[in-house]
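Q: How should a beginner read a model of a protein with a ligand?

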Amino acid sequence: MDVVNNLRRLQARIVTAARRAGRNPGEIKLVAVTKTVPVERIREALAFGANRLGENRVQEFLNKYQQLPPEVEWHFIGHLQTNKVNKIIGKVNLIHSLDRWELAEELHRAAIKGGQVVKVLVQVNVAGEKSKYGLAPSETVDFVASAVGLARLSVEGLMTIAPWSANPEEVRPVFRQLKDIARKVEDRVTGSKMDYLSMGMSGDWEVAVEEGANILRIGTAVFGERDV
Ligand SMILES: *Cc1c(COP(=O)(O)O)cnc(C)c1O
């Protein structure tokens, strides 16, 4: 359960997996997912140099934001209620979970009010799971086309959460499809830039790297099992 050892091992494996896939390891960003992890353990990761952190709940994020140093680059990765947008704007570097139009409008309003640009990824429910948020693949191109019209919202790519599977090979098509959707968006939406594919978690990130992920969201493999 040593965070530093876990990170060391993980980083080495990311380098190997990237090279195996013919990719430059330097283009792959690790977001250490800190939900439920106490601040003292998170500090171990920061001391190691892992300063990109992901949280999925607003209140928990705010608590940690207050306690941890400003060098942290925060990523918001959970479903976001419109009435909480104002609490996180200006504090998070990238919101991975733009999953509906109402939220796009609210983020845009908040961005104007705060005099800034809000960076987002569009969450796609590739596998169509009822339990998960996100756009249907067939809606994604039109959604991004509309979002590009919101000047203070910067859509930087796509995010997906693959279905849970004991065998990560089974979710390879999900990752491949997200990349295909990103290509389609780039082809069809003028002014769009699909810089980031946020896909891959503790159980499936190697397959995600092979399929083009450049942001990995990894919790358990860094901090150990969560009790909740
Ligand atoms: C919890 C979470 C992760 C990390 O999951 P692990 O399996 O612990 O690596 C990644 N993405 C999202 C959106 C999450 O909520």
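The turns below go from the ligand to the whole protein.

A: This is a predicted model, in which local features need pLDDT of at least 70 and side-chain atom pairs count only at pLDDT 80 or more, while totals for chains, interfaces and linings use all residues. Residues are numbered from 1 along each chain as its sequence is written, and side-chain values use heavy atoms, without hydrogens and water.

Q: Which residues surround the ligand?
A: A residue is near a molecule if one of its heavy atoms lies within 4 Å of it. Here these are Val33, Lys35, Ile77, Ile161, Met201, Ser202, Arg217, Ile218, Gly219, Thr220 and Arg226.

Q: Which polar side-chain atoms lie 2.5 Å or 2.8 Å from an oxygen atom of the ligand?
A: A polar contact is a pair of N or O atoms within 3.5 Å. Ser202 has a polar side-chain atom 2.5 Å from a ligand oxygen, and Arg226 has one at 2.8 Å from a ligand oxygen. From the backbone, a polar atom of Gly219 is 2.8 Å from an oxygen atom of the ligand.

Q: How much of the ligand's accessible area does the protein cover?
A: Accessible areas come from the Shrake-Rupley method with a 1.4 Å probe. On its own the ligand has 390 Å², and the protein covers 90% of that.

Q: What is the radius of gyration of the protein?
A: The radius is taken over C-alpha atoms, and the globule rule is 2.2 Å times the number of residues to the power 0.38. The protein has 17 Å, close to the 17 Å that the rule gives for 228 residues, so it is as compact as a globular protein of that length. Its C-alpha trace spans about 45 × 40 × 30 Å along the principal axes.

How values were computed:
Polar contact = N/O pair within 3.5 Å; in protein donor to acceptor, adjacent residues only side chain to side chain.
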